[in-house]
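Biologist: Could you take me through the pockets of this model? I should like to know what lines them.

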Amino acid sequence: MGRIVRIAARNLLRYRRRTALTTLLITIGVVAMLLFLSASGSFKAMMVGQITDSMLGHLQVHRKGYVSSIESLPLTMNMKPQMISKVEASLKSINEIEAWSPRIKLGAMFSNFAQTTSIRLNGIDPEKEMATCPELMKRIIQGEMNKLPEPGKILIPELIAKGLKVSPGDSIVLVATNKDGSVNGINFIVQGVLEGISGPGGRDGYMHINDARQLLRIDDNEVSEIVVRLKKPGTLKRVMSKIKTSLGEITSQKGKPVFEIHSWEKLSPFSNIAKMIDLMTLFIKIMLVSIVLISVMNVMIMAVYERIREIGTIAAMGTLPSNILKLFVIEGFLLGLLGAIMGTLISIISILVLQQAEITFAFGRQTGLVLYPLISLSDIAFASIVVVVVSVLASLQPAWKASRMNPIDALRHV
Amino acid sequence: MNLVEAIQIEKTYLSGEAQVSAIKHADFSIETASFVSFVGPSGSGKSTLLNMIGCLDHPSSGSLTVAGKDVNSLDRYSAAKFRGEHIGFIFQDFNLIPVLTIAENIEYPLIMVQNWPQQKRQQRVNELMDAVGISDQASKYPDQLSGGQKQRVAIARALVTHAKLILADEPTANLDHDTAYRIIDLMKKMRNDYGTTFIFSTHDPKIMDAAEIIYTLEDGQIKQTKGGTKHG
């Protein structure tokens with residue numbers, strides 16, 4: 001086999017320019033695909049990570065109907081302690097779950113004693129929230145860094161801090177209406193300012209869950225949602241299914257489900273952008289396959305056409321059709337392999353350069369996001385295997401034609 | 001012992017709607033280690049006959065036995081295998097592979113056809129290069145050789161697999177007279193040294209005189225016009 005590979009390599013070298021051009025074309029295809037995969041994949045991973053790790057978690061459990069009316073943050077649809085116990089029992093039984101955090105979501109009026117605006121707030125248990133959304137603290141851009149709100153203090157969104165000229169340490173008043181319609185107001189100290197991020201909840205403030213209960217005059221431990229973090233994001237569908245199975249069995253007296261479970265994808269519009277990125281990645285992959293298929297097939301068809309007499313000679317000598325087929329398929333394989341190796345090397349170098357360049361970009365209202373492209377071994381392996389397999393497939397037809405050639409006709413060919 | 005035995009073989013082609021007989025009821029036999037020439041004008045059927053003996057083509061009717069095998073019944077795969085084991089070819093245009101050196105061209109059938117181990121291959125290639133007098137050209141490429149040298153390489157390549165029968169279709173057609181004679185002499189020497197049967201076609205009267213047995217073809221008919229016993 002080694003000798004056939006050497007002969008195939010020599011055959012490729014006899015048309016150096018054509019081989020070089022085809023290899024270059026395959027290389028460009030591989031580079032384009034790997035650079036796109038690394039840039040888009042890193043952007044997607046960064047945005048998804050930001051959404052899940054600092055805001056939404058991987059999935060959320062609500063009382064049935066809550067999400068469809070989430071704009072009004074209905075306090076009447078909070079989960080009661082009994083319901084929370086059932087949810088927690090279900091979550092405890094699933095190994096793939098790393099942590100969960102209960103939240104009370106509320107709308108309030110925010111006043112700096114001179115101006116008033118509306119604010120959306122999350123009442124959180126800092127310890128549980130830290131375990132569930134570990135990146136939330138990294139969004140604190142002013143005030144006490146790396147610290148979630150203590151009782152009596154709140155984290156406010158950047159836009160409100162700027163708009164009302166409020167800084168950490170300032171005293172403010174929150175006024176909220178509870179589910180019975182009565183209004184309550186409490187003074188708080190601004191502990192920090194949060195950087196806004198894209199998506200729902202990206203411009204919410206945070207306060208201690210006990211403060212939220214006090215402001216809303218909630219006596220029992222009811223919550224609006226339970227945010228869940230998984231050990232591995234890839235297990236999302238499986239965990240969703242498990243939770244749905246266990247909580248789906250719990251129904252109201254009317255026989256209707258009590259809970260609803262949503263993945264971050266259903267809660268954030270960014271999932272559509274992620275899907276678009278996946279679709280574009282698919283198109284890039286199809287383009288790569290097409291480039292390799294057409295270029296290798298073209299080269300191999302030409303190679304067979306130009307070597308008809310040679311094929312007749314080796315067939316007359318007694319070379320088995322399978323060995324003739326092998327010879328041409330190996331030529332295609334080598335073309336693909338060379339393109340894949342060169343493409344991978346150039347891609348890795350380009351990615352390292354891009355990492356050093358620290359290119360920044362804006363997304364929505366977020367600016368200064370740093371593009372840090374990364375490529376996984378599985379992506380490199382995928383691109384290389386696709387290129388090599390498609391190269392072999394593209395050379396099969398010309399190789400088959402060569403192996404089936406009638407030696408007499410081939411020897412007569414001029 | 002007859003290496004080739006043809007009984008009433010015919011070869012017909014369809015040319016448009018007309019049926020053309022290329023070989024008509026040919027009976028002949030060729031003994032082992034013979035030095036035979038098929039002669040005749042262009043279109044007389046020499047190449048057709050060589051192609052059938054070389055298992056590149058089948059007779060339309062009749063019986064053709066080569067090296068004890070009825071070759072009429074061979075399919076594509078078996079015919080290739082049979083050629084690889086028993087038959088060597090020498091071509092008018094030499095048909096050397098341009099990307100391989102002279103040594104590699106001779107070695108080629110041992111890799112692609114017979115799959116010999118490397119050391120054995122090397123010994124055999126060196127032996128053949130010495131035999132045909134091209135040892136000093138081993139690392140050159142075909143385009144660096146003269147026509148006569150290329151044909152010597154082709155002879156070595158045909159012999160390298162210990163073929164029982166070498167078929168040469170107009171092996172001297174692209175050579176000048178002196179070189180052509182030297183090539184015919186070399187083929188005869190190889191027949192003497194290795195006991196290999198050589199059958200070559202030619203329409204050059206001076207070259208055909210070198211053959212020990214001559215079969216003349218005319219309009220598809222074959223008759224022996226010289227020799228008849230084994231030489232060497």
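Modeller: What follows concerns two pockets and their linings. The model is predicted, so to speak of its basis: local features need pLDDT of at least 70, side-chain atom pairs count only at pLDDT 80 or more, and totals for chains, interfaces and linings use all residues. Residues are numbered from 1 along each chain as its sequence is written, and chains are lettered from A in the order in which they are written.Biologist: What volume does the largest pocket have?

Modeller: The largest pocket has a volume of about 590 Å³. A pocket is an open set of points on a 1 Å grid over the protein atoms alone, where a 1.4 Å probe fits, with protein on both sides within 12 Å along at least five of seven lines; lining residues have an atom within 4 Å of a point. Volume is the space filled by probe spheres set on the points, which are joined across faces, edges and corners.

Biologist: Which residues are closest to its centre?

Modeller: Among the 25 lining residues, these are Arg412(A), Ser47(B), Asn51(B), Gln92(B) and Asp169(B).

Biologist: Which element gives the most to that lining?

Modeller: Helix 1 of chain B, with five residues; helices (H or I, at least four residues) and strands (E, at least two) are DSSP runs, numbered from the N terminus.

Biologist: Turning to the second largest pocket, how much space lies in it?

Modeller: About 300 Å³. Its lining includes Lys44(A), His58(A) and Trp264(A), and helix 2 of chain A gives the most, with five residues.

Biologist: Which domains of chain A does that lining draw on?

Modeller: Domain 1 (2–51 + 272–412) and domain 2 (65–257) each give at least three residues, with bounds from an automatic or database domain assignment.

Key
Residues numbered from 1 in each chain as written. Chains lettered and ligands numbered in written order. Heavy atoms only, no water.
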